[in-house]
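This report reviews selected side-chain interactions and one helix packing contact. Please consult the sequence and structure shown here alongside the text.

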Amino acid sequence: MKVDGKTSDNINVEENEESSFRRISLGRVYKKQFCSNKVTTSRYSLVTWLPKSIIIQFARVTNVYNIAIIIMVFFPFSPYAPWSLTSTFILVLMFSSIKEGFEDLSRHKQDRAVNKAKATIYDLNEHKYITMESQNLRVGQILKIHENENIHADIIMLCSSSPKGVAYVNTMNLDGETNLKEKMVSHLTEKIKDENDLHDFKAKFDVDHPNSSLVKWNCNIIRARNAEPMNMKQLLMRGCMLKNTDWILGVIIYTGVDCKIVQNSKKVPSKISKLQRDLNRVVYTIIIALEAFCILLGGFGKYWNDRNKSTEHYISLPDIYGGDTLIVRALTFTVQLVAFIPISLFVVVETQRLILCSFIKNDMNMYDESVDKSATWRTSDIIEELGQVEIIFSDKTGTLTKNEMELLKCGINLKIYDLKNQDDLSKVNKILGKRKAKGKKDILNYFRTITLCNAVFPTWNNDELVYHSPSPDEVALVQGAKLVGFELLERLEDTIVISVNGNDEVWKIIAEIPFSSERKRMSVILQAENDKFYLFTKGADNIMLNLIRTNHQESIATELENFALEGLRTLVMAGKEIDMDEFIMWNQKWKKVMLSNAKNKEQMIDEVYSEIEKDLKFYGTSAIEDKLQDDVPETIQMLIDANIRIWVLTGDKEETVIEIAKSCNLINGDTDLVKFFDSKRDKISKKLHTFESKYQLLDKSFDDLEKIKSSLANPLSIAINGSALAMIKGDKKLLSILFRLGFIANTCICCRMSPLQKSDIVQLCKNNGKWITLAIGDGANDVSMIQTASIGVGIAGKEGNQAVLAAEYSIPQFSYLRRLLFVHGRYAYHRMTHFILHFFYKNIAMEIGEAWYSIFSGFSGQIYYLDWFTPGFFNLFWSNLSSMAFFALEQDVPPEVSLKYPNLYSAGQKNAYFGIKTFWSWIIYSFLTGTFIFWFPMSTIPGGISNDGSEPGLFFISTISFVLLMHIIHAKLLIISCFWSTFNIGAIFVSLIIFYGMVCLINADGVASAIQPEFTGLFFLVLSFGKTWVIIILGSLIALMPDFITMCIRRILFPTPNDKIMMYLKQASKTDRDRI
């Protein structure tokens, strides 16, 4: 048996073993067995768009309620003409459907571009190339990809234009990473140089069934009953782009929905903001209260009917007012008071959110010129929660730090070498320059491990060697090794070429054991030029220290701790020479497992890996610096000042994270740091129970715990590692104590965390209260944490865009988080809550007038306002424009002040603007306004108004009431707003001009005759009546007097922090304001 990685013993594939694989025969096209290559991401077709989008609209209870109202409008008991409410409801549905259709249109265009893209295949039967649409590709076809062309399906690369069988791909669309990835032709297919060699090449490929894994893939190539494993280096996935390579040929193994990029296209979990949930509850409450009120009105109607039917002969009253009449009358009132639940409520709320989100994208203060990226948003549904965040979960590497790695120190056989120190570099080079020198072998083993055991691949750019790798740590290690003469020159599918002080070394790759978040280490088995076999391993210290054989465990641990105390990232290097007998036995097991198609193959592979990765010789340690991002300490201090609790979740070792925490202001000199790093569950449990007894954590409410936090002499910080968390997982009591202890702490440092544990920590928070949480990270290992939190923020860093794609918002730097929260978030919460409150205020005020008239008219159900004063017109055209303009730009304080005084952020955390007390105070004001607009005109215009004493009727007075309402709701905007500008003041005038213009048009002869001909010219008569303007001007002042007086009393006697700051800004000199 040769052991050069190119041949092996004959291994027959057992067809009867329990397996899960797809067999592809080269030269055979599978037209029916597997799916086509067509991919559809759009939701609708031209036929299904309207019905499906309308059906989706009825998932909202308000639309179900409104459709019930619309149905009732067509019954005789309805007080409204059917067109008035129906037209509004149709407009709202069409608006939402058109919005859905417009969004889906972009998906259709994208699908069409992908499916219609031209692809080139080689027909083995006709011996020629054929061009076809991508959607018509099938498994088994030979696909040719040219440079800068997207790969149309998942393929196994058979040959490349490169003589060395190398190709480079950009995987941005797949995993978000910008670095090029190196792909290599397998030595098993290296005889294929072009399409002509395919005719004589017979092979079968056993590949995994379609799955979403981007890092694991099983494939065996079978030739003449001989089988050999292939690896990820030969798999090119759909969505990648070929770069720096003229062309490649590959056999298609997955198409369409089976491709890995489609398998990874999972539905993003939907998130609903707290304000939206509160709004839904408000709607449900109003519906129930309204129906109860309508039934009550129906009951009073029976009472009035029974008392007056013998005296009010001129009214056609029913002789018997039974239960059926009461129900009909209650339904009449339900239709009459429809605006209590405005038809357009959620449409205008969504529109307002979109407007606020647009400010984030266009904020130049969150644009990073160095990377040419700005803040972005992917959903508008939770924007107001950016102003209510209570707990932040943050990654460390690439989030708090720059992810710009540099190898600073090397610990070789317990001797420290500083690569920034020229004397230390000279010492290393001097030792290496001697034929025999003490410590030379240790240095060679150490730097060979760094240079050989990695996923780095070199490319030449303008005669300069450039290194690429998915991990910045590995690039830093390889670049650091160059300083002492170890240079990675070339990496092929089965060979690595390095230079050691100018002498080239060629190492044959026998096996590569990749890094994973579970293993936390990487190993390679290589054959040297002297035919000896070597294992090189590097990994996390907590894993590696259990694999090495040494008498200096304590010294190594001390060395690592000293590095960590400097805030440096550490790794341990180890390895061994493998004797031939040990290697042969292991290689047979490894080949057998790699060729297996058993369902537990992953477990079997890990077991085989563990057999060889033991009894390693310690080579040394590394210390890598990852610098903090700009303004991180200032940002964190501001977040803490805003009473936001910060949890840092990272996979780094404890000492490193603690030192970084100190430099970030997460921990300061006065902080009491509590560590949970014990290796035994009993000790952790005892320590947690000690704190529970001290602070009575389980017995106290969170308000009491907040008081405890404020009363602490020194701020508290907690540090816990992944193993400690794993030991208490499942114990709800201990986890609850841990969270409550974290609640009274300013910060919590969670070290050695796996991606799943990061998500578990966020879920722990959600299980212990209805907190609004924000998770921020930059890598794929942060995705689960981001998706679990209330709000996800991705940082467009150097670990790809997976975090950005999973998050609702993205920013280029961590420091931009303060502006995202304290400016955009705080403003969004202030604006959205006041917008919704004003929306309910104006609608309920209008309907209170209707309710009063129902009582005034003997509970008849007669409408008070004309049909053309429909709630639809009122909301869509006459009042929303000004309201949206005002609250889109509303600022209680300037942005600079929001950033200077973080305590202003507490209003959102306390939900001060949309609590029960606040909401019902607005409802009371709307009741007072509605009462006033009904009784003031009704009492001031008691008799005839014309020269002959004639009475124009009810609708003359109700029209005055409606005009008065229009002026009151716009004047209220001026009172409650803290920010007047030309734009929002102008919006009031535009809204009133539209109102007067539309009503005048509707009241004109030609239009009114088609709608309500009996009231043609009524509005002109109202406007010409002098008393109308007295009522409007005087009435507006009187109606808003309670609002103005209570606002003054509150701001003077019970000022909020916002009020105090606003008062200070008004009284401060221009110099002081400029200083702020």
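## Aromatic pairs

Tryptophan 935 counts as partly exposed, because its relative accessibility is 33%. The model in which this residue is described is a predicted one. The neighbour in the ring pair, phenylalanine 934, has a relative accessibility of 0% and therefore counts as buried. Phenylalanine 934 and tryptophan 935 form an edge-to-face aromatic pair, with 4.8 Å from centre to centre and 85° between the planes.

In total, the structure holds 48 aromatic pairs. Another of them joins tyrosine 853 and phenylalanine 856 in a tilted arrangement, the centres lying 6.1 Å apart and the planes meeting at 35°. Both residues belong to helix α25 (residues 817-856), and because they are three residues apart there, about one helical turn separates them. Tyrosine 853 is buried, with a relative accessible area of 12%, whereas phenylalanine 856, at 45% relative accessibility, counts as partly exposed.

## Salt bridges with buried partners

A search of the whole structure finds 34 salt bridges. One of these is formed by lysine 758 and aspartate 782, whose closest N and O atoms are 2.8 Å apart. Lysine 758 lies in helix α22 (residues 755-767), and aspartate 782 in the loop between β33 (773-777) and α23 (783-788), so the salt bridge ties together parts that are 24 residues apart in sequence. Is this lysine buried or exposed? Lysine 758 has a relative accessible area of 1% and is therefore buried. Aspartate 782 likewise counts as buried, because its relative accessibility is 0%.

Glutamate 384 and arginine 353 also meet through their side chains in a salt bridge, at 2.8 Å from N to O. This pair links distant parts of the chain: arginine 353 is in helix α8 (residues 345-361), while glutamate 384 is in the loop between β16 (376-377) and β17 (391-394), and the two are 31 residues apart. Both glutamate 384 and arginine 353 are buried.

## A strand-to-loop salt bridge

A further salt bridge connects glutamate 133 with lysine 116, the closest N and O atoms being 3.8 Å apart. Glutamate 133 is in strand β3 (residues 128-133), and lysine 116 is in the loop between α3 (82-115) and β2 (118-123); the pair thus links distant parts of the chain, 17 residues apart. Lysine 116 has a relative accessibility of 42% and so counts as partly exposed.

## Packing of helices α30 and α31

Two packed helices are described by the angle between their axes and the distance between the axes. Helix α30 (residues 954-976) packs against helix α31 (residues 982-1003) at an angle of about 170°, and their axes are 10 Å apart. Because angles over 145 degrees count as roughly antiparallel, α30 is roughly antiparallel to α31.

On the side of α30, the contact is made by Phe962, Val963, Met966, His967, His970 and Leu974. Helix α31 contributes Ile985, Ile988, Ser991, Leu992, Phe995 and Tyr996. Which classes of residue make up this contact? Nine of the residues are nonpolar and three are polar, and no charged residues take part.

Methods: Residues are numbered from 1 along each chain as its sequence is written. This is a predicted model: local features need pLDDT of at least 70, side-chain atom pairs count only at pLDDT 80 or more; totals for chains, interfaces and linings use all residues. Side-chain values use heavy atoms; hydrogens and water are left out. A salt bridge is a side-chain nitrogen of Lys or Arg within 4 Å of a carboxyl oxygen of Asp or Glu. Helices (H or I, at least four residues) and strands (E, at least two) are DSSP runs, numbered from the N terminus. Buried means under 20% relative accessible area, exposed over 50%, partly exposed in between (1.4 Å probe, protein chains only). Axes are lines fitted to C-alpha atoms, for helices over the stretch in contact, and angles run from 0 to 180 degrees between N-to-C directions. Angles under 35 degrees count as roughly parallel, over 145 as roughly antiparallel, 65 to 115 as roughly perpendicular and the rest as oblique. Contact means heavy atoms within 4.5 Å. Ala, Val, Leu, Ile, Met, Phe, Trp, Tyr, Cys and Pro count as nonpolar, Asp, Glu, Lys and Arg as charged, and the others, Gly among them, as polar. Rings of Phe, Tyr and Trp (its six-membered ring) pair if their centres lie within 6.5 Å; planes under 30 degrees apart count as stacked, over 60 as edge-to-face and the rest as tilted.
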